Each structure stands twice: as C-alpha cells, then as structure tokens.
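Visitor: I would like a close look at a single part of this structure, please. Could you walk me through the place where the chains meet?

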There are 2 protein chains.
Amino acid sequence: MSEMGGVKSVPSPAISADDRSHEADHPNSQVAQFGAEQPLRLDCGIDLTPFQIAYQTYGELNADRSNAVLICHALTGDQHVANVHPVTGKSGWWETLVGPGRPLDPQHYFIICANVIGGCMGSTGPASINPATGKVWGLDFPVITIPDMVRAQAMLIDRLGIVTLFAVVGGSMGGMQVLQWTAAYPKRVYSALAIACATRHSAQNIAFHELGRQAVMADPDWHNGRYTDQGIHPHRGLAVARMAAHITYLSDAALHRKFGRRMQDRELPTFSFDADFQVESYLRYQGSSFVERFDANSYLYLTRAMDYFDIAGDHGGVLAKAFVGIETRFCVVSFTSDWLFPTSESRALVHALNASSARVSFAEIETDRGHDAFLLDVPEFFDIARAFLQSAGKARGLTARID
Amino acid sequence: MSEMGGVKSVPSPAISADDRSHEADHPNSQVAQFGAEQPLRLDCGIDLTPFQIAYQTYGELNADRSNAVLICHALTGDQHVANVHPVTGKSGWWETLVGPGRPLDPQHYFIICANVIGGCMGSTGPASINPATGKVWGLDFPVITIPDMVRAQAMLIDRLGIVTLFAVVGGSMGGMQVLQWTAAYPKRVYSALAIACATRHSAQNIAFHELGRQAVMADPDWHNGRYTDQGIHPHRGLAVARMAAHITYLSDAALHRKFGRRMQDRELPTFSFDADFQVESYLRYQGSSFVERFDANSYLYLTRAMDYFDIAGDHGGVLAKAFVGIETRFCVVSFTSDWLFPTSESRALVHALNASSARVSFAEIETDRGHDAFLLDVPEFFDIARAFLQSAGKARGLTARID
C-alpha cells in the first residue's frame with residue numbers, strides 16, 4: 001500500500017539506557033517519516049523537515065475507511081493509550097475508555113494515537129537530532145503550537161489513507177487538539193469528543209505553566225536546554241514542575257479525601273522537613289517518577305503550545321467564527337471539580353458552537369476528582385462517551401458493526 | 001521601666017550587605033532579648049535560648065494599658081506594618097488598615113507588630129547565629145509551630161507590661177496566630193479579628209507549601225540549608241517557590257482581569273520562552289523581587305509551621321473544645337474568591353465558636369481579588385474592621401479616646 005511507504009516500525013524511544021531492557025517485552029510504536037518533500041509548516045514560520053510521528057493503532061480499518069478514531073493525548077501522555085507502556089511498564093493511560101467492551105472497542109474502530117510533534121516518545125521534538133548540526137535540537141527546536149500538532153496528525157492520517165475520521169477524541173491538551181481539528185479540518189471530523197478542555201489557556205493556566213518552566217530552567221542541570229550534551233537531565237527542576245502541575249490536576253476535595261492531614265507511617269509530627277504528611281510523600285513520588293519518562297525540554301515546548309492556544313484569537317476574537325457552517329457532531333464534557341479547565345470554559349465553547357448552529361451535546365459530570373477525572377474510572381463519563389459514539393456511529397452507518 | 005530591661009534598638013537585620021545602605025533612612029526595629037532564664041519552650045520539646053524578638057510599635061500605651069493591639073503578620077510579612085520597609089523602601093504592608101484615620105489609628109491604639117520566631121527580619125530564626133556553634137543555625141534550627149510563635153509573642157507582651165490585649169488582628173498565617181492566641185490565652189485577648197485564615201491547613205494548602213519547599217531544596221545553592229557558609233543564597237529555588245505561592249494568592253478572575261492573555265510589549269507571540277504574556281512577566285518579577293528580602297530557610301520553617309497548624313487536632317479533634325467558655329469577641333472575615341483559605345474554612349470556625357457560645361460576627365466579603373484581598377484596598381473590609389473595633393472599644397471603655 002503506497003501510502004504506507006514511509007511507515008516503519010522502530011523501537012519505542014527510551015528516556016535512558018536503563019529503559020532499553022523493556023523493549024523486548026512491549027509493543028514498539030510505528031513511525032511515519034516525512035522527508036524533504038513533505039515539510040511540516042509551523043505557525044512560527046519555519047518548515048520542519050525531516051520529521052517523524054510515532055503512533056500506535058488498535059483494531060482494523062474497515063473497507064470504506066469510515067471507522068477511524070484519532071485519540072489526542074494530553075500534556076504528559078503519549079501514544080501508548082491502550083497497551084503496556086514501554087518505559088514505565090504500566091497499563092495504557094486510557095484503558096478505561098479504549099479496549100474490549102469499552103466505549104472505544106478495537107473490535108469496532110480503527111483507533112490511532114500519535115505522539116504529538118514536540119513530544120518525547122518517538123515523534124520529532126527537542127530531544128531529537130537536528131539534522132543541520134548532528135546534535136540534539138534542544139532549544140533550537142522551533143516553538144510549536146496546538147495547530148502544528150494537528151497539522152502533523154493530518155499528514156499522518158493522509159499517510160494512512162484516511163480522508164475523514166469518524167471521531168477525534170481527547171481530554172485536556174488532547175481536547176484542545178480535538179477542537180483545533182474541527183476548526184482546521186471540519187470536513188475531516190465526523191464527530192468530536194472534547195473533554196475537560198478549553199478553547200484558550202487562561203491567565204491562571206499560563207501562570208501555572210510558567211511556574212513549571214521556571215522550575216525546569218532554574219535547575220543548573222538544564223544548561224540552557226543543552227543538558228543532553230552534558231549527559232545529564234534536569235531531574236530536580238522537572239520534578240518540581242510536575243508537582244506543581246499535579247496539584248492542579250486534583251481538586252481540593254479529592255486531596256482532602258485521599259490524604260487529608262494524615263501522617264505518613266506515624267501519628268506525631270517529626271518536627272523536620274521529612275514528608276510527614278501523606279500528601280507530601282505522594283507529591284514527591286509524582287515528581288520523581290515523572291522524570292524517568294519525560295524530557296524536560298519537551299515539557300517546556302508542550303506547555304508553551306498550550307499557552308499559545310486561543311481559537312478565538314485565531315478568528316478575530318470571535319469564537320463562533322471558528323465553527324461557521326460546521327457539520328461535525330460535538331460532545332463536550334466537563335467535570336464539576338475541575339478548576340484547571342472549569343465548566344465555564346466548556347460552556348463558552350458550547351455557546352459558540354450553538355451560535356454556529358453546530359450539533360452539540362454538553363455534559364457536566366458531578367465528581368470531586370478534579371481535572372484528572374477524565375483519566376479515571378468515572379462511569380457516568382463512559383456512559384456519555386459510549387452513547388455519543390453509538391449515536392454518531394449509527395448516523396455514519398457503522399451501526400451494524402458496533403451494536 | 002524594669003520590664004523593658006531587655007529591650008534595645010538595633011539595626012534592622014538586612015538580607016545582604018547591599019541593603020545596609022537603607023539603614024540610615026528608615027526606622028530600626030526594637031528588639032526584645034530573652035536570656036537563659038527565659039527560654040522559649042517549643043512544641044518540638046526543645047527550649048530555645050537565647051532568643052530575640054524584633055518588633056515595631058505605633059502610638060502610645062494608655063495609662064491603664066488597655067489599648068494595646070497586636071498585629072500578627074503573614075508568611076512573608078514582617079513587623080514593618082505601617083512604616084517604610086528598611087530593605088525594600090516600600091510602604092508598610094498594612095498601611096491600608098493601620099495609620100492616621102485608618103481603622104487602627106495610632107492616635108487611639110498602641111499597636112505592636114513583631115517578627116515571628118523563625119522569621120528573618122530580626123527575630124531569632126534559621127538565619128540567626130547558633131550560640132552553640134558560632135555559625136548560622138540553618139536546618140539545625142528547631143522546627144517551630146504557630147503556637148511557638150504565639151508563645152514568643154506572649155513573652156514580648158509580658159515584657160511590655162501588657163496583661164490583656166485589646167485586640168489581636170491578622171490575616172492568613174497572621175489569622176492563624178490570632179486564633180492560636182484565643183485558644184492559648186483566652187483571658188489575654190479582649191477581641192480577635194481573624195481574616196482570610198483557617199484553623200488548620202488543608203491537604204491542598206500543604207501540597208502547595210511542599211511544592212515551594214521542594215523548589216528551594218532542589219536548588220543546589222541551598223546546600224542542605226548551609227548556603228550562608230558558602231556565601232550564597234538559593235535565589236532560583238526560592239523565586240520558584242514564591243511564584244507558586246503567588247498564584248495561590250490571586251483568584252483566577254483577578255488574574256484574568258489584571259492580565260488576561262495580554263502580551264508583554266507586543267501583539268504577536270515571539271515563539272520563544274521569553275515572557276510573552278504579561279502574567280509571565282509579573283510572576284517572574286514577584287519571584288525575583290522576593291528573594292532580595294527573604295531568607296530561604298525561613299521560608300521552609302514558616303511554611304512548615306502553617307502546615308502543622310491544626311487547632312482541632314490539638315483539642316482531641318473537636319474544634320469547639322479549643323474555645324470553651326471563651327469571652328473574647330471574635331470577628332471572622334473571609335473573601336468570596338479566596339481559594340487558599342475559602343469561606344468554608346471560616347464557616348467551620350464560626351460554627352465551632354457558636355458551639356462554644358462565643359461572641360462572634362462573621363463577614364464574607366464579595367470580591368474577585370482572591371486571598372490577597374486582605375492586603376488590598378477593599379473598603380467593605382475596612383468598614384467591617386472599623387465597626388468591630390469601635391464596638392469592642394466601646395465595651396472595653398476605650399470610647400472616649402476612639403470617637
């Protein structure tokens with residue numbers, strides 16, 4: 001199949017030499033390579049070439065190529081949505097949604113998930129080699145945007161021979177990509193499931209990301225982004241960034257329920273700076289485990305892409321203009337306790353879609369689990385996702401296969 | 001006056017040699033010294049001795065010593081409540097509340113504000129010299145608590161010859177001290193104004209503080225707390241900690257109103273990691289200016305003290321037990337958009353005070369300015385503070401002097 005010509009299977013990129021031991025046990029991602037004849041036109045004005053996109057697929061593309069679902073991952077996610085992760089050895093990050101009997105069942109859909117451009121799990125990013133120098137890109141890598149990520153995904157979808165995606169699905173930064181897909185390629189998206197996201201990053205969102213970036217850049221091991229040349233990694237700064245982000249992913253209520261003021265393995269305070277409280281121990285673990293699987297420069301680039309995201313800004317400040325005449329079926333989902341992407345942001349999106357006469361259903365799900373709820377086992381969310389996909393599938397003529 | 005025997009005026013402690021240039025221009029704090037015969041009994045079981053408390057006063061103590069008001073400062077505040085700051089050259093941090101014509105007018109009250117124990121503006125803290133070694137304490141300084149801070153303040157009040165304070169007033173960590181004063185010394189507090197605070201630190205509060213501590217400790221210049229020996233200061237880590245804290249002091253709405261997604265000195269993004277957005281530039285400034293006036297180890301100790309604070313925990317888990325039979329008049333104030341110390345925490349306090357049959361008035365003030373509102377020009381807050389203090393003053397027999 002000629003469209004697949006540039007696709008080959010390569011080992012999943014590993015963060016450190018130690019991780020190579022996992023390779024034999026776990027599926028490797030496929031990689032689509034794009035040469036000089038197919039540069040990626042970036043919003044910053046640069047043509048990125050060559051570049052590659054690493055991706056996973058689950059299920060089979062049907063004969064009329066109408067059952068393809070693209071899943072867009074969040075800031076620290078990757079393409080390993082429903083298989084054991086080659087670096088961490090953990091289950092796929094969205095096995096609650098994707099898998100046999102789940103709302104996205106590979107028996108019915110051809111499911112694709114690609115590492116975003118700028119990422120660090122096989123797609124070209126700041127940790128890749130700059131062909132002009134033969135060295136790691138580092139901060140010489142061009143700053144990318146959410147539209148750039150989506151443009152690269154569209155090139156991958158072309159390569160796979162798919163014209164129209166049955167669904168584009170994602171939460172958080174993944175949800176931003178879903179919205180960008182519908183704004184940029186409305187004819188190529190039959191249905192869109194956008195979860196726990198927004199059409200732009202708020203000042204508070206930007207503030208938290210800037211905090212994370214400053215934490216990374218404050219680490220002397222960051223070496224102005226050239227840490228790989230030194231054979232080190234700014235683990236301490238990246239861990240602090242991750243801790244900050246992690247607090248924003250949970251609600252106050254969820255933290256209270258999970259940890260409250262409970263002490264770690266003791267009843268009385270140690271009167272020291274040890275992790276007396278369980279929540280301290282938890283955060284430290286979140287920080288230290290993250291740095292084993294994520295590249296610090298990628299963290300800078302992807303947070304920057306989210307900060308720049310502003311669909312209305314790209315359409316003269318009027319959000320509805322982004323969706324004029326769109327025929328995509330939308331399902332927008334928010335969670336009551338999500339303070340990173342609060343329901344008000346989803347409502348603004350829904351109002352804009354209504355103003356554009358788009359088909360849109362909206363669900364605000366009652367939960368105290370915060371932004372992270374989209375990754376957790378929240379049955380009401382799965383029920384809504386399943387119902388939306390089934391209804392869209394029926395309209396698309398996928399019914400017989402799905403039911 | 002014999003009680004004043006240990007009080008002398010010393011230069012305000014300066015953070016760096018450069019700051020010494022300010023000394024000639026600005027008022028120096030008074031310092032109360034406590035020798036071996038008066039150790040400070042700390043909750044951790046250690047007797048701290050010798051120690052000293054640096055403080056400012058405004059106004060005159062009246063003949064029957066009934067007009068003394070103690071102001072308790074917040075985490076990064078100090079005793080310079082209503083005078084030009086000797087290090088920064090800025091106005092006092094609460095001149096909105098304290099000063100001629102203000103609710104706390106030095107013409108009527110004898111106003112005291114002391115740097116907390118563990119602080120870095122002249123009271124004994126981790127940046128002080130450990131008499132046992134002749135070197136800076138660093139992490140050898142004992143971990144202190146909010147009750148320890150209040151115990152030291154009570155010793156200062158004794159030294160000043162004051163039995164009963166007309167009022168104890170404070171916001172945030174200062175509010176915690178107000179509450180601790182009433183729980184520990186109910187007979188010595190005629191009225192208590194507790195603003196934007198809580199009777200315990202929540203899991204989310206602890207998480208943000210732990211993030212800040214980890215940012216400081218991740219800075220190699222921290223040197224396990226012994227940075228002074230190296231002649232350096234962990235500026236980068238402390239700046240990151242301050243940025244994180246600063247986000248929590250503002251509401252999402254306040255950040256949106258102040259900055260939104262506005263760019264800094266330009267209209268289009270730079271596609272770089274410069275501070276494109278105004279909110280980024282603002283945060284960076286908050287971080288870098290803070291490190292010029294604050295000691296990193298003090299930041300660790302004071303955040304730890306707040307984390308440990310839990311009045312109910314000190315009273316068998318029942319908050320009301322802390323206030324049984326109390327005659328102090330309380331005024332509790334919260335701000336609608338304060339997500340660090342939300343109104344629900346103030347309500348829990350008010351319920352406990354009601355259960356103890358305490359006199360309490362409660363005001364939740366509508367503002368979008370977040371936790372920081374208590375330091376800002378919020379007229380409704382001043383009106384409430386003024387009315388509460390006037391009413392309590394009348395009951396205390398201060399009327400003639402105040403009106």
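How many residues does the contact take from chain B and from chain A?

Guide: Happy to help. This is a predicted model, in which local features need pLDDT of at least 70 and side-chain atom pairs count only at pLDDT 80 or more, while totals for chains, interfaces and linings use all residues. Residues are numbered from 1 along each chain as its sequence is written, chains are lettered from A and ligands numbered from 1 in the order in which they are written, and side-chain values use heavy atoms, with hydrogens and water left out.

To your question: chain B gives 53 residues to the contact and chain A gives 53 residues, where contact means heavy atoms within 4.5 Å. Of the interface residues of chain B, 100% are also interface residues in chain A, so the copies meet through the same surface.

How are the copies arranged? Chain B is superposed on chain A by a rotation of 180 degrees with 0.0 Å of shift along its axis, at an RMSD of 0.0 Å; the fit is by least squares on the C-alpha atoms of residues with pLDDT of at least 70 in both copies. The two copies are thus related as by a two-fold rotation axis.

Now the area. Between them, chain B and chain A bury about 4,700 Å², and 70% of it is on carbon and sulfur atoms. Buried area here is the accessible area (1.4 Å probe) that two parts lose on being put together, summed over both. On the side of chain B, the residues that lose the most area to chain A are B:Arg261, B:Phe271 and B:Phe273, together 19% of what that side buries.

Charged and polar groups take part too. Ten salt bridges are found across the interface of chain B and chain A, each a side-chain nitrogen of Lys or Arg within 4 Å of a carboxyl oxygen of Asp or Glu. One of them joins the side chains of B:Asp310 and A:Arg261, at 3.3 Å from N to O. Polar contacts link 24 residue pairs between the chains, both residues at pLDDT 80 or more; such a contact is a pair of N or O atoms within 3.5 Å, and within protein one must be able to donate a hydrogen and the other to accept it, with residues adjacent in sequence counting only if both atoms are side-chain atoms.

Which elements carry this surface? Helices H3 (203-218), H4 (235-249), H5 (252-258), H6 (278-290) and H7 (296-308) of chain B each give two or more residues to the side that touches chain A. The largest share, twelve residues, comes from H3(B). Helices are DSSP runs (H or I, at least four residues), numbered from the N terminus.
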